[in-house]
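Reader: Could you take me on a close look at one part of this model? I would like to see how one helix sits among the rest, and I am happy with a long answer.

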Amino acid sequence: MISKPIFKQSLQSNWKLWLIITIVASMIISGFIISYDAAGYASIAEAAEGTAFSNILSTLTSLLGSLENFYKLIAVILGIVYVVFTANNLVVNEVDSGSMAYTLSTPIKRSSVIFTKSLYLILSVVLMYTVISLAGLTASQLNYNNVTGYAINEDVEAAAKMLNHDEDY
């Protein structure tokens with residue numbers, strides 16, 4: 001049901017677009033995480049109280065809220081752009097250039113051609129969001145040490161000093 005040559009051709013014709021969108025989205029999420037300033041975002045949210053943007057900006061007071069907005073806006077929009085351009089390149093461009101007629105003249109079923117191309121599209125989107133999520137987790141680990149360990153900040157240091165314990169405790 002899956003045609004390896006068609007999957008390989010789909011991969012070869014679309015990897016550059018996948019790489020560009022993945023790198024851009026990974027850089028944006030890493031930038032959000034690394035440059036996050038709770039006090040700055042809280043002042044922006046406070047200034048926007050009573051306006052039409054107060055619902056959106058009220059979630060910026062935490063890192064998780066900022067990431068929520070990232071996935072609502074930027075990641076979804078970049079994903080949609082990728083899906084539209086890739087789907088266009090997978091089917092429409094091949095029909096326009098005549099290469100789809102050549103593909104369909106081979107002994108491969110039409111359903112197999114479309115299934116293989118849709119499988120490529122689904123797997124590439126899943127891989128893209130996996131890479132973006134791993135980039136975000138890496139940035140969070142490097143900046144806050146809160147993925148594989150406990151974040152040690154001023155509050156933890158003060159509590160450890162007061163209780164005469166090590167900060168890791």
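**A close look at helix α1**

Author: Let us begin with T22, which is in contact with M128, V131 and I132 once its neighbours within four places in sequence are left aside. Please keep in mind from the start that this is a predicted model. T22 sits in helix α1. With a relative accessibility of 3%, T22 counts as buried, because buried means under 20%. The partner M128 is 106 residues away along the chain, yet the C-alpha atoms of T22 and M128 are separated by 5.8 Å.

Now move along to S26, another residue of helix α1. S26 counts as buried because its relative accessibility is 11%. Leaving aside neighbours within four places in sequence, S26 is in contact with V131, I132 and A135. V131 and I132 are familiar names here, since T22 is in contact with them too. You can also look at L134: its C-alpha atom and that of S26 are separated by 8.6 Å, with the two positions 108 residues apart along the chain.

What about the helix to which these partners belong? Helix α6 covers residues 110-144, which is 35 residues. At 1.5 Å a residue, those 35 residues should span 51 Å, and the end C-alpha atoms of α6 are 51 Å apart, so the expected and modelled spans agree. After α6 comes N145, with a positive phi near 55°.

Helix α1 has another neighbour to show you, and L78 is a good place to find it. L78 is placed in helix α4, which covers residues 63-97. Leaving aside neighbours within four places in sequence, L78 is in contact with I21, V24, A25 and I28. For one of these, A25, the C-alpha atom is separated from that of L78 by 7.3 Å, although the two residues are 53 residues apart along the chain. L78 counts as buried, since its relative accessibility is 18%.

Having met α4 and α6 one by one, it is worth looking at a link between the two. K117 forms a salt bridge with E94, and the closest N and O atoms of the pair are 2.9 Å apart. K117 lies in helix α6 and E94 in helix α4, so the pair ties together parts that are 23 residues apart in sequence. Side chains of opposite charge can pair when their charged atoms come close. Both members are buried, K117 as well as E94. The count of salt bridges comes to 1.

So far we have visited buried residues, so which residue of helix α1 shows us an exposed one? M27 lies in helix α1, and M27 counts as exposed because its relative accessibility is 58%, where exposed means over 50%. M27 belongs to a nonpolar patch on the surface, together with L11, W15, L19 and I23. The five residues of this patch, L11, W15, L19, I23 and M27, have about 490 Å² of accessible area together. In sequence M27 directly follows S26, so the two make a handy pair to inspect: S26 is buried at 11%, whereas M27 is exposed at 58%.

Just ahead of helix α1 there is one more residue to look at. S3 is found in the segment before α1, and S3 counts as buried because its relative accessibility is 8%. Not counting residues up to four places away in sequence, S3 touches I108, S112 and T116. S112 and T116 fall within the residue range 110-144 of helix α6.

Finally, let us step back to the whole chain. The protein has 7 helices and 0 strands, and from the N terminus on its elements run α-α-α-α-α-α-α. Among contacts with a separation of 6 or more, 72% join residues 24 or more positions apart. The pairing of T22 with M128, 106 residues apart along the chain, is one such example. The C-alpha trace spans about 75 × 45 × 20 Å along its principal axes. The radius of gyration of the protein is 23 Å, whereas a compact globule of 169 residues would have one near 15 Å. Buried residues make up 28% of the 169 residues. The accessible surface comes to about 11000 Å², and 68% of it belongs to carbon and sulfur atoms.

Key. Residues numbered from 1 in each chain as written. Predicted model: local features only at pLDDT ≥ 70, side-chain atom pairs only at ≥ 80, totals over all residues. Heavy atoms only, no water. Helix = DSSP H or I, 4+ residues; strand = E, 2+ residues; numbered from the N terminus. Buried < 20%, exposed > 50% of the residue type's maximum accessible area, 1.4 Å probe, protein only. Contact = heavy atoms within 4.5 Å. Patch = residues over 30% accessible without salt bridge, like charges linked within 9 Å, V, L, I, M, F, W, Y side chains within 5 Å. Areas by Shrake-Rupley, 256 points an atom, 1.4 Å probe, with all protein chains shown as cover. Salt bridge = Lys/Arg side-chain N within 4 Å of Asp/Glu carboxyl O. Expected span 1.5 Å × (residues − 1). Rg over C-alpha atoms; globule rule 2.2 N^0.38 Å.
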